[in-house]
Amino acid sequence: MKHPGSREFFAYWDKTRGNARAPDRCDLDPEAVRERLGDIFVLAYGHEAGFPFRVAGTRVCALLGRDLKDKSFAALFTGESRRQIEDIVAFVAEEMLPAVAGVTASSQAGTPAHLELLLLPFNNRAHVPVSLTGLLAPFESVATALSDFKLTSWRYLHPPERFVPRALRKLAIARGFMVYEGLR
């Protein structure tokens with residue numbers, strides 16, 4: 001992650017989830033990320049509706065020049081990027097695996113703007129609508145509304161593996177008859 005806001009929000013999300021795959025939505029305290037609330041949003045998991053915004057921070061709304069409540073997140077993206085972002089959002093929500101992406105957009109003046117998108121899942125519970133959260137932040141200040149979002153790069157953030165020495169790892173999976181390697 002390149003943007004300090006993304007790193008800060010991810011660290012808080014990671015700390016809050018503990019050993020779970022993702023935290024519950026009610027576990028995230030807005031007060032703990034007060035400085036980043038303007039860049040944070042929550043999406044409903046509704047593929048046919050284009051993953052509508054449930055909540056969007058003031059800076060996210062200012063980037064797009066309008067209120068985003070109930071507007072399609074996927075509709076922000078053009079061309080092939082729209083299909084890609086739909087796949088990424090679905091993967092984040094269903095597999096509960098965070099993702100980070102580089103995004104370019106066009107300002108009203110036609111100049112490109114570079115942003116970072118962080119998508120973080122919430123824990124899926126029975127009888128609770130599936131949703132996910134994220135952060136969208138520009139690398140430089142943007143004076144006009146942005147449009148025509150395009151993905152430039154993305155990756156999934158896999159949880160770090162716990163370090164287990166090779167010999168212990170072998171013993172943990174060994175069952176029944178075991179052959180030890182000799183010197184000859």
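Are Phe-77 and Phe-149 buried or exposed? Both are buried, and the close-ups below, taken from a predicted model, show what surrounds them and other parts of the chain.

**View 1. Five phenylalanines form one aromatic cluster: Phe-41, Phe-53, Phe-73, Phe-77 and Phe-149.** The whole structure holds eight aromatic pairs. In one of them, Phe-41 and Phe-73 have ring centres 5.6 Å apart and planes at 25°, so this pair is stacked. Phe-41 belongs to strand β1 and Phe-73 to the loop between α2 and α3, so their pairing ties together parts that are 32 residues apart in sequence. Phe-41 and Phe-73 are both buried.

**View 2. Phe-77 and Phe-149 meet edge-to-face.** Here the rings sit 5.7 Å centre to centre, with 65° between the planes. Because Phe-77 lies in the loop between α2 and α3 and Phe-149 in strand β6, the pair ties together parts that are 72 residues apart in sequence.

**View 3. Helix α3 runs through residues 80-95.** Its 16 residues should span 22 Å at 1.5 Å a residue, and the end C-alpha atoms are indeed 22 Å apart. Among the buried residues of α3 are Ile-85, Ile-88, Val-89 and Val-92. The cover over the buried residues of α3 includes strands β3, β4, β5 and β6. Just after the helix comes Met-96, with a positive phi near 55°.

**View 4. The second largest pocket has a volume of about 250 Å³.** Of its 16 lining residues, Pro-30, Leu-37, Ile-40, Val-42 and Thr-133 are the closest to the centre. Strand β1 gives the most to this lining, with three residues. By type, the lining residues are 12 nonpolar, two polar and two charged.

How values were computed
Residues numbered from 1 in each chain as written. Predicted model: local features only at pLDDT ≥ 70, side-chain atom pairs only at ≥ 80, totals over all residues. Heavy atoms only, no water. Helix = DSSP H or I, 4+ residues; strand = E, 2+ residues; numbered from the N terminus. Expected span 1.5 Å × (residues − 1). Buried < 20%, exposed > 50% of the residue type's maximum accessible area, 1.4 Å probe, protein only. Contact = heavy atoms within 4.5 Å. 1 Å grid on protein atoms, 1.4 Å probe; cavity = no way out; pocket = protein on both sides within 12 Å on 5 of 7 lines; lining within 4 Å. Points joined across faces, edges and corners; volume = space filled by probe spheres on them. Nonpolar A, V, L, I, M, F, W, Y, C, P; charged D, E, K, R; others polar. Phe/Tyr/Trp six-rings, centres within 6.5 Å; stacked < 30°, edge-to-face > 60°.
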